[in-house]
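Please open the model in your viewer and keep the sequence panel beside it. The tour begins at a single residue and then moves on to a sheet and the helices that lie across it.

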Amino acid sequence: MAKQDLLPQSSRGLARVIAHLDDQFGDRLQRGAAIREQHGHTTTWLENQPPDAVIFPQSTDEVSRIVGICAEHNVPIIPFGTGTSLEGHVNAPRGGISIDFSEMNQIIAVHAEDLDCVVQPGVTREQLNTYLRDQGLFFPIDPGADASLGGMAATRASGTNAVRYGTMKDSVLSLEVVMPDGTVIRTGQRARKSSAGYDLTRLLVGSEGTLGIITELTLKLHGIPEAISSATCSFSTVEAACNAVIATIQMGIPVARIELLDALQVKAVNAYSKLDLPEEPLLLLEFHGSGASVAEQAETFGEIAKDTGGVGFAWTANAEERTKLWKARHDAYWAALGLRKGAKGISTDVCVPISRLAECVVATQDQIAQMGFTAPIVGHVGDGNFHTLLLIDMENVEDVAAAETFVGWLNDLAISMEGTCTGEHAIGQGKQRYLSKELGGATTTMAQIKRALDPKDIMNPEKIL
């Protein structure tokens, strides 16, 4: 949305909003500098832009009242889950009120017979899965961080299990949403499919808080598999590893997870997680199913790995060994920071059609080497999605400028391969400039939707568009 279209926020209007909220919410409205900074900047490397205040609602009705008060005075609203997003989604470039959902963390209902549940947005994925474990169910979307489910829906998150179970867009049946004027809508029912009207659920999943604020989610669940096994296999080159992935997907092997770690990332993981994996490109896999099908999947992948140059293929159904491997994978970000002491990690992701994966990853490694970066690569490569973590001295202007150049180059490369500038990080502030390159005139339609639903532009302004 063009800057001239933004409605100004007067200090008088903000003061009135804060006075109203203070009267109604008391200690649950906070204005301390530390908490405002926390809510304006978390894992991102972008500039810290704190809100003017942070509020902690406990119900949809309270969120509706907060939004209504802010709408009356044209004060921006920024939803906040756990703050694990990477593209500046929780920044407040025009100030305003950050709505923290940590106190809306109730699991409202579990319908085990229908394989679905209803939760508030502050529930985290680990909290939900701990609650579900005794019922033989689980929620499969796993972005690594223990993110809030509301935030995961808002950013259309995915993660390690997406190759088999899909992303948040495939897992959300319906939403309860507070719209920009404070009204509350529900986008659907619990039925597994519907052709009733516009698909508002899919419109709001991935809208990053710019069209409305999610206050309740109805989610699909899955039965915990009878058998689970994990496997590792090393390769002499990233290209060989990617070719094994391509063959696996094209043969239709129903892998639950298939993750790539390049040699530099394996080195970091070994040091951080006290493992002794060969410091070569590595594929880390997981298979779900019956005991027989899991064994068959592992054996079939073993043959593919052998044909594509894999060595040291090994698989295990031991729960402790599996947990140790996946814990190391989820700690990859923190492990990578140890490769350059004092550096800040600039994480970026792209996604390409699976047939272009090897070409894209190899070109990325070549560019990293040419520009002299320390930058390990990991990826949910069963989807053609991978992440690069640039380790940067943020006090060095030249370092930062080079990092921005690289990120732009990588986004352009993915788009040129009919891919996307973001497989799962979403747009936020960090990837705005690449959205029009990827989607062209579709961004005009997005802007029209934004203006129609949020004419005052108070919902997480200056994100996506």
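Select Val381 first and display its surroundings: leaving aside neighbours within four places in sequence, Val381 is in contact (heavy atoms within 4.5 Å) with Val245, Ile258, Glu259, Leu260, Leu283, Ile354 and Leu357. This is a predicted model, in which local features need pLDDT of at least 70 and side-chain atom pairs count only at pLDDT 80 or more, while totals for chains, interfaces and linings use all residues. Residues are numbered from 1 along each chain as its sequence is written, and side-chain values use heavy atoms, with hydrogens and water left out.

Val381 lies in the loop between β17 (377–380) and β18 (385–392); helices (H or I, at least four residues) and strands (E, at least two) are DSSP runs, numbered from the N terminus. Its relative accessibility is 1%, so Val381 counts as buried (under 20% relative accessible area, with a 1.4 Å probe and protein chains only). Add Leu261, whose C-alpha atom is separated by 9.8 Å from that of Val381, although the two are 120 residues apart along the chain.

Next, select the open sheet of 5 strands, which has the order β5-β6-β10-β8-β9 and antiparallel pairing (DSSP must find at least two bridges between two strands). Because β5 (107–111) and β9 (184–186) stand at the edges with a single partner strand each, one side of each has no neighbour in the sheet.

Within this sheet, β6 (residues 116–119) and β10 (residues 213–220) pair in the antiparallel sense over 4 bridges, and Asp116 has Lys220 in β10 as its bridge partner.

Conventions. Buried < 20%, exposed > 50% of the residue type's maximum accessible area, 1.4 Å probe, protein only.
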